[in-house]
Amino acid sequence: MMQTNFVIICLSYILGLLSTAFPWSGLWILLLGIFIAVISPLIYARWRKLAQKGNSNFNLNILSCAPHPRIWIIAGIIGLLATLYFNWRVPVPGEKDISKFVIADSGNLEQVVIVRGFVDSKPRLTRSQKGQFWLNVTQLDEVTNDKGAVSSPKGATGKLYVTVPMLQVTGLYPGEEVAVTGLLYKPTKPINPGGFDFQRYLQQEGCFAGLVGKQMNILDEGKNWGWWQIRDKIVRSQVRFLGVPEGILVSAMVLGNKAVDLPYDIRDIFVNTGLAHALAASGFQTSLILGVILTLTKRSSKKIQIICGTLGLIIFLCLSGFEPAILRAVIMGFAALLGLALGRNIKQLGSLLLAATLLLLFNPLWIWNLGFQLSFLATLGLVVTASAIDKRLDWMPPAIASLISVPLAATMWTTPRLLEFCNSLIIYSLPLNIIATPFISVISLGGMLSSLFSVISPDIGSILASFLYYPTHWLIAIVELFENLPGNIITVGSISNLQMLAIYALIIITWLIKGFQKRWWLSLIIAVALILVPLWYSTNNLFQVTLLATRNEPVLVIQEQGNVTLINSGDEGTGRFTILPFLRQQGINQINNAIASKFPGYSKDAWLEIMDKLPIKNFYEYTPNTDDQLETQIIQQQLQQQKGIYRPLLIGQMITNKSTIIQLIDDQIPIIKLQILDQNWLLVGNTPAAPILELIKSGQLSPVDVLWCTSEALPELVLALKPQIAIAPNSNLENTTLSTLKKSSTKIYFTGKDGAIQWTPNQQFSTFIRNTENKSSVL
């Protein structure tokens, strides 16, 4: 009875936190608890009669464990309190938080300041090759003019996300007091579908502002001791003979990639092949630590074993960092030690539930942390599903069966959440996990042994680490091989919360009901259908035009019943951070037509970023000069590997695609004209208004329905072309000009403010930011 009540109370708390995705959810949970409390006596009475008629002691035993109605009321109250506790713990900026001093609007980096504070983290390398660290702010000085005059110091507090040139953070350590001169800004929400929510990421860290640093001065070195020193000592020792990336990878697999600055190229191949868990110190490393310690101390008393195990777990936690997944693993490790002390087996499912409840009591915001969710889902899969899979593989040797059952169980429980998050399915994840598990075990065990000796004697640690070179090198080679296999990643698009919950419902039903366990294949077919049928229907019926929010040239994606056309690629980084996330969200695995018009700001690097992930069938490029022949040859070689075709884009040439006609006009100014169904679109890029007006006067351009141009050219072109819709990147126009434009019959959109603009024949035009703000769910 006590166990049942404990489970209900813990689950009600977790359910209350999950329900914060919906408004007034706490009251609904309370009402649900009261409703169950009212009807449960009636259900118990009916169950008792049926059990007595059937003389079923089993049913009566179950009934004796049924919770008292008041437990359901208590559970409802706890669910309500959980929602209140969650909202109370949501970080908000204080009165003197550094974000309160941001004057410039989001994205307008013109406020030059000098911020003083203490370094709170070891610097890390960003994808843009800058150094990043967290700063605890103590003082703010604002630069008031171009000559560098500084305002009087202001007391400021809060946490700041700081990026500076990489060379300036070399030798920077936590605890040092620094002064950083740079541009202060507030993080923004994503302005394109599928984009990274930088604002939410910082908010989860209790941060509400960022600083693009230009110069940094160390004011006080402070006390340079911390667990980071031991981590650095271990990493240096392992890299000494192993080199890079093998040495860094060994350190990451032992300490976790949060504690070690792993290069992005290595991190990406592990993520893209479904081996990201190998880089996250958690349950696997904890099991190894406890297993080795208990084996070495098996001839000692229980007291000595428990003390040594406890010390091992605490040291591992301090070295790896207080991440949710590591804390979960350590708590379950302590539960195992408690079972050893009591001389009884601890139920893993109960210890998992207890670990989740304790961690969420400590920080309820972790309920929406992806690492927290995946860690518990994977462990839940191992606890409840791995043994069932082992039984079905009893015809295999036990060692081989466990190599299959463990990754299969974890994959089964984590895939629906990953599909909802990253919109992609990694096809070869399971076979790669089976092949890689022996390598991961050897590297982790050897890395821990090397780490232990590195603290005592770095030379011995380096020698021991050197024996891991070939296993680590082979593991990297295997992962790279699987990443380059055709069809490694299939994009399935963004599945809805309802689809995800339905798939998890199927998994839980199959786990609990024996009839479904025998027909597991039916559950698998239904789950696959829940993913693929909506995707197939949407792909074959969707007609949508999306103008992505970009800085320089207009980037247009036309989805026409399974046929995809991409016009322009933007500058470097646009392909990786804007176009590819959107295409993944839409479930697009191939681009039928790509058109590079060479608007001002054009960069072939963005096209290479796209082609590295998605094949292109037809690539059209306007090439009026030969300055970039080398990059063109690289694109042609990439197309040949993808069996695509490179086609020069000629002036006046019409590219027809079902209901869309695309044409590049004028040989001096790259302007794209489109006819989409019965609408005429005109994309003029960053071209000034004067040459466009000349083309209008000469009759080469006529009034259009939709216009994209710069903000500077917007007033004149709206008057000349009289479009129904006009779109510009930003709204940095004078108030009088904006008022004049609003009085016209043209509807004006600014992608910098409204986000991506989408058009469909039925819903017409809609803005991404407004649609996002209207959604109440945070799932």
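**Close-up views of a predicted model**

**View 1. Ile591 meets its partner across two strands.** Let's start small: Ile591 has Ile616, in strand S14, as its bridge partner. This comes from a predicted model. The two strands involved are S13, covering residues 591-596, and S14, covering residues 616-621. Their pairing is parallel and runs over 5 bridges. As a reminder, strands of a sheet pair through backbone hydrogen bonds, in either a parallel or an antiparallel sense.

**View 2. The open sheet that holds S13 and S14.** Stepping back, we find 8 strands in an open sheet, ordered S15-S14-S13-S12-S11-S10-S23-S24. The pairing across this sheet is mixed. Which strands sit at the edges? They are S15 (645-648) and S24 (764-767), each of which pairs on one side only. On average, neighbouring strands of the sheet are turned by 15° against each other, ignoring direction.

**View 3. The whole chain around the sheet.** Here you can take in a chain with 29 helices and 24 strands. Its radius of gyration is 30 Å, close to the 28 Å given by the globule rule for 779 residues, so the chain is as compact as a globular protein of that length. Along the principal axes, the C-alpha atoms fill a box of roughly 95 × 70 × 55 Å.

**View 4. Inside and outside the chain.** Of the 779 residues, 48% are buried. Looking at contacts between residues at least 6 apart in sequence, 68% join residues at least 24 apart. On the outside, the chain exposes about 38800 Å², and carbon and sulfur atoms supply 61% of that area.

Conventions:
Residues are numbered from 1 along each chain as its sequence is written. This is a predicted model: local features need pLDDT of at least 70, side-chain atom pairs count only at pLDDT 80 or more; totals for chains, interfaces and linings use all residues. Side-chain values use heavy atoms; hydrogens and water are left out. Two strands pair if DSSP finds at least two bridges between them. Helices (H or I, at least four residues) and strands (E, at least two) are DSSP runs, numbered from the N terminus. Axes are lines fitted to C-alpha atoms, for helices over the stretch in contact, and angles run from 0 to 180 degrees between N-to-C directions. The radius of gyration is taken over C-alpha atoms; the globule rule is 2.2 Å times the number of residues to the power 0.38. Buried means under 20% relative accessible area, exposed over 50%, partly exposed in between (1.4 Å probe, protein chains only). Contact means heavy atoms within 4.5 Å. Accessible areas come from the Shrake-Rupley method with a 1.4 Å probe; for residues, only the protein chains shown count as cover.
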